[in-house]
Amino acid sequence: MPVETIEAEVTAQRLARLNQALGSGMFVHVRNMLHDMAASDIALILESSPPRTRQVLWQLIDTQQTGEILEALGEDLKDHLIRQMSPESVAKATAGMDTDELAYILRSLPDALYKRVLQSMSSQDRLRVEQALSYPDDTAGSIMNTDTVTLRPDVNLDVILRYLRQRGSLPDTTDTLYVVDKRDRVLGGVRLADLLTCDPTASVRSIMDPELERIPVAMGDTEVAQLFERHDWVSAPVVDEQGKLLGRITIDDVVDVIRENADHSMMGMAGMEDDADTFGPVLKSTLRRSLWLTINLFAALLAASVSNLFEGTLEQFATIAILMTIVPSMGGVAGNQTLALVIRGIALGHVGQSNSRWLIGKELAIGMLNGLVWSLLVFVAVWLWKNDMALGALIGGAMLINMTVAGFAGAGIPLLLKKFNIDPALAGGMVLTTVTDVIGLFAFLGLATLFLMH
């Protein structure tokens, strides 16, 4: 059985037991059950619960767990719960939280609450927050942590090992210690494996990797994720323009970025926000979906207006009305295949200015080839079905036109939207559907009017 299925069943069983206990008024029992669960499991249960249940569960959660739970929650639910907490509670929950997560939480607060939370923080946490908030969102600086361990190049490994034993612990996901000079500029890195296995009398300089890659603080978080995926990194140092060490990015931060990008692409295809709460309030969810439904309505009216232009043709040839949905449908499927491929290529950094023309040409050729194959098949099918060779030729010709255009549009639309800084995942599907519907109907009804009416 897949791991995802097992986890889903375990979550469902836990949620059922919690609901049963809540329904029986066994609040102390529920509190004990929550206390024994990991923060990530509690976050999953909260996200899987309707509003009333999650409100009760949140009140029963141990306050010492709230910080870890908030880190594991989706953005929408996280924002909702934080806005219900007092500034003192937020400050307490975020004490010791990773810098990047702390910065995100405070960015989402209203200004008045944000200032009150800052006032409730210790001076050390306040300094960390101010530093984290100084970097733009969706950059390396916004997702980095400042919990780094640094070394000097002229120190012996034996001294470093004694220092680490006295320290007692290392930050989570530490695989490399960074070597810096007196100005905190990164000179290289020492892997923990090398530190433990090399001669203790050797110096740090002799075993450090001077080619250790540094991440500029202004680099986009998506590009950072691509670097981690390409090089199989566990962590990497973040530096400013002078090469000064500012912090580090770890694989768990990158996994969050990858997941957010995947959610964004998937939800964007439906015109929805990636942080949408599955069990969110009805009115809020309705308002969020209204914008894209409104835009889609105008797109549908545009396609309907094309049909209206050929009203006379539809009145005289009832068979055309039956068959005319086939062409836009096939074009839409073909176009969406290309659209998904190109959006994925853009997200992975595979598609850029240097190869975009070749890609468009390739997808145009694929669209034309697919159009030839399927137009021939539909020509034969309609000819045999309706015993009308002319009608089969018309729908086949229209399908060839629409699938060729769909291939071109599926590749060109996301590249054009990207050029104008519009998210292709969010708007690409709607634009493509409009194009394939309008072109498909216009091609089929236009050819029918041209050849059957005249």
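Buried means under 20% relative accessible area, exposed means over 50%, and partly exposed is anything in between, worked out with a 1.4 Å probe on protein chains only. Keep that in mind as you click around. What you have open is a predicted model, where local features need pLDDT of at least 70, side-chain atom pairs count only at pLDDT 80 or more, and totals for chains, interfaces and linings use all residues. Residues are numbered from 1 along each chain as its sequence is written, and side-chain values use heavy atoms, with hydrogens and water left out.

**Stop 1: a pair within one helix**

Select Asp 158 and Arg 162. Their side chains meet in a salt bridge, at 2.6 Å from N to O; the term stands for a side-chain nitrogen of Lys or Arg within 4 Å of a carboxyl oxygen of Asp or Glu. Both residues sit in helix 12 (residues 157-167), and because they are 4 residues apart, about one helical turn separates them. Helices here are DSSP runs of H or I with at least four residues, strands are runs of E with at least two, and both are numbered from the N terminus. Asp 158 is partly exposed at 31%, and Arg 162 is partly exposed too, at 39% relative accessibility.

**Stop 2: a pair that spans the chain**

The structure holds 5 salt bridges, so there is more to click on. Side chains of opposite charge can pair when their charged atoms come close. Next, pick Asp 147 and Arg 248, whose side chains form a salt bridge at 3.4 Å, N to O. This one links distant parts of the chain: Asp 147 is in the loop between helix 11 (140-143) and strand 1 (150-151), while Arg 248 belongs to strand 6 (residues 245-250), 101 residues apart. Is Arg 248 buried or exposed? Arg 248 is buried, with a relative accessible area of 3%, whereas Asp 147 is partly exposed at 29%.

While you are in salt-bridge mode, show Arg 191 and Asp 194 as well: their closest N and O atoms are 3.1 Å apart. Arg 191 is partly exposed, at 46%.

**Stop 3: the cavity**

Go back to Asp 147 and Arg 248 and add Thr 148, Val 149, Pro 171, Thr 174, Thr 176 and Tyr 178; together these line the largest cavity. On a 1 Å grid over the protein atoms alone, a cavity is a set of points where a 1.4 Å probe fits but cannot get out; a pocket is an open set with protein on both sides within 12 Å along at least five of seven lines, and lining residues have an atom within 4 Å of a point. Volume is the space filled by probe spheres set on the points, with grid points joined across faces, edges and corners. The volume here is about 30 Å³, and the count comes to 1 cavity of 30 Å³ or more. By class, the lining has 3 nonpolar, 3 polar and 2 charged residues. For that tally, Ala, Val, Leu, Ile, Met, Phe, Trp, Tyr, Cys and Pro are nonpolar, Asp, Glu, Lys and Arg are charged, and the others, Gly among them, are polar.

**Stop 4: the second largest pocket**

Now jump to Ile 346, Val 351, Gly 352, Gln 353, Ser 356, Arg 357, Ile 360, Gly 412, Leu 415, Leu 416, Lys 418 and Lys 419, which line the second largest pocket. Helix 21 (356-386) and helix 22 are the elements that give two or more residues to this lining. Helix 22 provides the largest share, 5 residues. The pocket holds about 340 Å³ of space, and its lining divides into 5 nonpolar, 4 polar and 3 charged residues.

**Stop 5: two positive phi angles**

Which loop holds Asn 421? Look between helix 22 (389-419) and helix 23 (424-451). Asn 421 has a phi near 60 degrees, positive although the residue is not a glycine, and counts as exposed at 74% relative accessibility. Then try Asp 232, in the loop between helix 15 (221-231) and strand 5 (235-239). Its phi is also positive, about 55 degrees, in a non-glycine residue, and Asp 232 counts as exposed at 65%.

**Last stop: helix 1**

Finish on Asn 19, in helix 1 (residues 3-23). Asn 19 is partly exposed, at 33%. Draw a distance to Leu 57, 38 residues away along the chain: the two C-alpha atoms are separated by 9.8 Å.
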